[in-house]
Amino acid sequence: MNDVSLAHGAEDNGLAVMLADLVRQNLEAKPHKKRDFAALAGSFSIVAEDAEVALTMRFAKGKLTIHDGIVGIPDVTIRGGSDTILALSNLPLTRPLGLPIPNPRDKNEVEVMRSVVSDLRAGRVHIYGMAFHFPMLMRLTRVMSVNG
């Protein structure tokens, strides 16, 4: 899918390659995610502090370009450990709204949500810009999550 591309130099960033593949697979496997993908406009930076790697995801008109490092001034920045950042792609999503709410009967969904909330509360992960760009962050969550 050529709607998702890596900028020059990003092919050497393992996290960038992995996230590009994740978005491509999610859009191919779950076509309903394309509406959120097309509506995304802005940039997200992700910093995995323990792996010392950073990237910027720039969304524009149904296209995504992933850059190595932080490019420009991102709308939202997510900083934390690589395990927590990867857990964000496994957040449970309700239907039809796509909100990150676990099914109380599914122990795995509850555990993933509990882990992410615990990391947020403990300061092991920070999401800067969330208050001003919450709808955009929710769209990103729906596009990135393997669920929903």
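Which residues does T84 touch, not counting residues up to four places away in sequence? The legends below take up this contact and its surroundings in a predicted model.

**Figure 1. Surroundings of T84 in helix α3.** T84 touches D119 and V125, with residues up to four places away in sequence not counted. The relative accessible area of T84 is 9%. Buried means under 20%, so T84 is classed as buried. D119 belongs to the buried residues of α4.

**Figure 2. Contacts of A87, also placed in helix α3.** Once neighbours within four places in sequence are left aside, A87 is in contact with V112 and V116. Both V112 and V116 are listed among the buried residues of α4. A87 and P135 are separated by 48 residues in sequence, and their C-alpha atoms are 20 Å apart in space.

**Figure 3. Helix α4, residues 107-122, from end to end.** The helix has 16 residues, and at 1.5 Å a residue it should span 22 Å. The end C-alpha atoms are 22 Å apart, which agrees with that expectation. At the N-terminal end, D106 acts as the cap: one of its side-chain oxygens lies 3.0 Å from the backbone nitrogen of N108. After α4 comes G123, with a positive phi near 80 degrees.

**Figure 4. The buried and exposed sides of α4.** V112, M113, V116 and D119 are the buried residues of this helix. Seen down the axis of α4, they fall within an arc of 130 degrees, so they line one face of the helix. An α-helix has 3.6 residues a turn, so residues three or four places apart point the same way. K107, R114 and R121 are exposed on the other side of α4. The packing partners of the buried residues are α3 (82-87) and β6 (125-128). Contacts that belong to this packing include those of A87 with V112 and V116, and T84 in α3 touches D119.

**Figure 5. Strand β4, residues 63-68, beside strand β1, residues 4-6.** The two strands pair in the parallel sense, over three bridges. Within this pairing, L6 stands opposite I66 of β4.

**Figure 6. The hairpin of β3 and β4.** Strand β3 (residues 53-60) pairs with β4 in the antiparallel sense, over six bridges. A60 has K63 in β4 as its bridge partner. Two residues lie between the strands of the hairpin, and K61 takes a positive phi near 50 degrees. Strand β4 thus appears in two views, in the parallel sense with β1 and in the antiparallel sense with β3.

**Figure 7. The whole protein chain, for orientation of the close-ups.** The chain has five helices and six strands. Along the sequence they follow the pattern β-α-α-β-β-β-β-α-α-β-α. For 148 residues, a compact globule would have a radius of gyration near 15 Å; the chain has 14 Å, which agrees. Taken along the principal axes, the C-alpha atoms fill a box of roughly 45 × 35 × 30 Å. Of the 148 residues, 41% count as buried. Among contacts between residues at least 6 apart in sequence, 64% join residues at least 24 apart.

Notes
Residues numbered from 1 in each chain as written. Predicted model: local features only at pLDDT ≥ 70, side-chain atom pairs only at ≥ 80, totals over all residues. Heavy atoms only, no water. Helix = DSSP H or I, 4+ residues; strand = E, 2+ residues; numbered from the N terminus. Expected span 1.5 Å × (residues − 1). Buried < 20%, exposed > 50% of the residue type's maximum accessible area, 1.4 Å probe, protein only. Arc of directions from axis to C-beta. Contact = heavy atoms within 4.5 Å. Polar contact = N/O pair within 3.5 Å; in protein donor to acceptor, adjacent residues only side chain to side chain. Pairing = 2+ DSSP bridges. Rg over C-alpha atoms; globule rule 2.2 N^0.38 Å.
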